[in-house]
Amino acid sequence: MLKEKDKAPEFSLPDQDGKIIALKMFLGNKGKKVLLYFYPKDDTPGCTTEACGFRDFRYELQDQGVEIIGISKDSVKSHKKFAEKYNLNFHLLSDEAGEIIEKYGAWQEKSMYGKKYMGITRISYLINEKGRVEKVYGKVNTKEHAQEVLNEIK
């Protein structure tokens, strides 16, 4: 897991429309921050709640200079269906190989019903205009995460 002030690893991945999205597209002279959030799976209860929260607060976050980007291992096609079903209005990036997920420390050991397995942990990073991690959000509450981010940046 990255820590505050760490340099955020660059990425270049396809979104739900197949468009390649890179971190550098938002940084530098564009003066934007990026809220990069990692989530386990499209169209599951917790992930849907979190995504819909970001959808509902997207314009308020944009007014504060923050772009929202979600990343999971789901395919572009899966992201497309998820985005259309819930009218998601931000980029969902497909990292099927899991390389970026690992670089950001979101691929971790998890446990369910006493069994241990590897999977994506729900974690978010607020990345500043210079490409540095400004804030790490671990142990995310899916219902309150978007509001939490907005409250912090105002």
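The paragraphs below lead through a predicted model, beginning with strand 4 and its partners and ending with cysteines, salt bridges and a surface patch.

Strand 4, which spans residues 66-72, is mostly covered, since seven of its seven residues are buried. Val 66, Ile 68, Gly 70 and Ser 72 point one way from strand 4, while Glu 67, Ile 69 and Ile 71 point the other way, and the residues of both sets are buried. In a regular strand, side chains alternate between the two faces of the sheet.

The pairing of strand 4 can be followed in two directions. With strand 3 (residues 33-38), strand 4 pairs in the parallel sense over six bridges, and Ile 69 of strand 4 is the bridge partner of Leu 36. Between these two strands the chain passes through helix 1 (residues 45-63), and the resulting β-α-β crossover is right-handed. Strand 4 is also joined by four bridges to strand 5 (residues 91-94), and this pair runs parallel. Here the bridge partner of Ile 69 is His 91 in strand 5, so that Ile 69 has partners both in Leu 36 and in His 91, as the definition of pairing by bridges allows. The connection from strand 4 to strand 5 involves helix 2 (residues 76-86), and the three elements make a right-handed β-α-β unit.

The cysteines can be taken next. A search of the whole structure finds zero disulfides. Cys 47 is in no disulfide, and the nearest cysteine sulfur, which belongs to Cys 52, is 11 Å away; because a disulfide requires sulfur atoms within 2.5 Å, this separation does not qualify. Both residues are nonetheless covered, Cys 47 counting as buried at 2% relative accessibility and Cys 52 being buried with a relative accessible area of 13%.

Charged side chains provide another set of contacts, and the count comes to nine salt bridges. Side chains of opposite charge can pair when their charged atoms come close. Asp 43 forms one such bridge with Lys 85, where the closest N and O atoms are 3.0 Å apart. This pair links distant parts of the chain, with Asp 43 in the loop between strand 3 and helix 1 and Lys 85 in helix 2, 42 residues apart. Asp 43 is partly exposed, with a relative accessible area of 35%, whereas Lys 85 is exposed at 53%.

Helix 2 also holds a bridge within its own length, in which the side chains of Lys 80 and Glu 84 meet at 3.6 Å, N to O. These residues lie four residues apart, about one turn of the helix. Lys 80 is partly exposed, with a relative accessible area of 33%, and Glu 84 counts as exposed at 52% relative accessibility. Together with Asp 17, Lys 80 and Glu 84 are linked in a network of salt bridges.

A further salt bridge joins Glu 152 to Lys 135, with the closest N and O atoms 3.8 Å apart. Glu 152 lies in helix 4 (residues 145-153) and Lys 135 in strand 9 (residues 133-137), so the pair, 17 residues apart, links distant parts of the chain, helix and strand being assigned as DSSP runs. Both residues are partly exposed, Glu 152 with a relative accessible area of 45% and Lys 135 at 24% relative accessibility.

The surface also carries a nonpolar patch, formed by Met 112, Tyr 113 and Tyr 117, with about 390 Å² of accessible area together. Met 112 belongs to strand 6 (residues 107-112) and is partly exposed, with a relative accessible area of 44%.

Note on methods: Residues numbered from 1 in each chain as written. Predicted model: local features only at pLDDT ≥ 70, side-chain atom pairs only at ≥ 80, totals over all residues. Heavy atoms only, no water. Patch = residues over 30% accessible without salt bridge, like charges linked within 9 Å, V, L, I, M, F, W, Y side chains within 5 Å. Areas by Shrake-Rupley, 256 points an atom, 1.4 Å probe, with all protein chains shown as cover. Salt bridge = Lys/Arg side-chain N within 4 Å of Asp/Glu carboxyl O. Buried < 20%, exposed > 50% of the residue type's maximum accessible area, 1.4 Å probe, protein only. Right-handed = clockwise from strand over helix to strand, strands pointing away.
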